[in-house]
Amino acid sequence: MILDSTLRLEIVLTAAKTTNDMDVTVDYIAWNADGRPTTPRPFRVASNGVTDVTILAAPIVVGMIFEPMRIAIYNRDTADKIAIVKTDNGTTEFIEVRRTITTLTTLMWEKNVGWYAA
């Protein structure tokens, strides 16, 4: 999964929260235009129900890319929820995963591993 200056990563739920939003953490590496990586960085945000939330924005600098290494989506709500993680370039959205996350469980994605529940 690679994000360039036109592509962002988002989450949306198929139903509003019952009690609590989901916690989302994306660990990523930024690569500059010369192909040099930065130190890995985290980005943290919470879902907000049926509205798209950017969980990793597109790089602002043209030529830079963001490479997610790990995504963790923790359902701290009191009910199971369906989460959709997608890429969006402003006109077209592509679903990366649509999965039910049971309460107090984490949906994980890791580079070279893929999606799994933890």
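Helices, in runs of at least four residues, and strands, in runs of at least two, are taken here from DSSP and numbered from the N terminus. On that basis, the predicted model contains 0 helices and 9 strands. Read from the N terminus, the order of elements is simply β-β-β-β-β-β-β-β-β. With a radius of gyration of 14 Å, close to the 13 Å that the globule rule gives for 118 residues, the chain is as compact as a globular protein of that length. Along the principal axes, its C-alpha atoms occupy a box of roughly 45 × 30 × 20 Å.

A few totals help to set the scene. Of the 118 residues in the chain, 39% are buried. Contacts often bridge long stretches of sequence: among those between residues at least 6 apart, 67% join residues at least 24 apart. The exposed surface comes to about 6200 Å², with carbon and sulfur atoms supplying 54% of that area. Charged side chains number 12 positive and 14 negative, and the centres of these two sets lie 3 Å apart.

Turning to the interior, nonpolar side chains tend to be buried together in soluble globular proteins. In this model, the largest nonpolar core has 24 residues, and the members that touch the most others are Ile11, Ile73, Val85 and Trp115. Two or more residues of this core come from each of strands S1 (8-13), S2 (23-31), S4 (53-56), S5 (65-74), S6 (81-88), S7 (93-101) and S8 (106-110). Strand S2 gives the largest share, 4 residues.

Isoleucine 73 makes a good vantage point for looking around the core. Leaving aside neighbours within four places in sequence, isoleucine 73 is in contact with Ile11, Val85 and Trp115, among others. Its partners also include Met22, Asp23 and Val24, as well as Ile101, Thr105, Thr106 and Leu107.

Methionine 108 offers a second view, this time from strand S8. With a relative accessible area of 10%, methionine 108 falls under the 20% cut-off and is therefore buried. Its C-alpha atom is 5.6 Å from that of isoleucine 71, although the two residues are 37 apart along the chain. Beyond neighbours within four places in sequence, the contacts of methionine 108 include Arg70, Ile71 and Ala72. Further along the chain, methionine 108 is also in contact with Gly114, Trp115, Tyr116 and Ala118.

Two loop residues deserve a look for their backbone angles. Most residues other than glycine have a negative phi. Leucine 104, in the loop between S7 and S8, instead has a positive phi, near 60°. Its relative accessible area of 57% is over the 50% cut-off, so leucine 104 counts as exposed.

Asparagine 112 is the other such case, with a positive phi of about 70° in a residue that is not a glycine. This asparagine lies in the loop between S8 and strand S9 (114-117). At 77% relative accessibility, asparagine 112 is exposed. From asparagine 112 to alanine 16, the C-alpha to C-alpha distance is 32 Å, and the two are 96 residues apart in sequence.

Notes:
Residues numbered from 1 in each chain as written. Predicted model: local features only at pLDDT ≥ 70, side-chain atom pairs only at ≥ 80, totals over all residues. Heavy atoms only, no water. Rg over C-alpha atoms; globule rule 2.2 N^0.38 Å. Buried < 20%, exposed > 50% of the residue type's maximum accessible area, 1.4 Å probe, protein only. Contact = heavy atoms within 4.5 Å. Areas by Shrake-Rupley, 256 points an atom, 1.4 Å probe, with all protein chains shown as cover. Lys, Arg positive; Asp, Glu negative; His and termini not counted. Charge placed at Lys NZ, Arg CZ, Asp CG, Glu CD. Core = buried A, V, L, I, M, F, W, Y, C linked by side-chain atoms within 4.5 Å.
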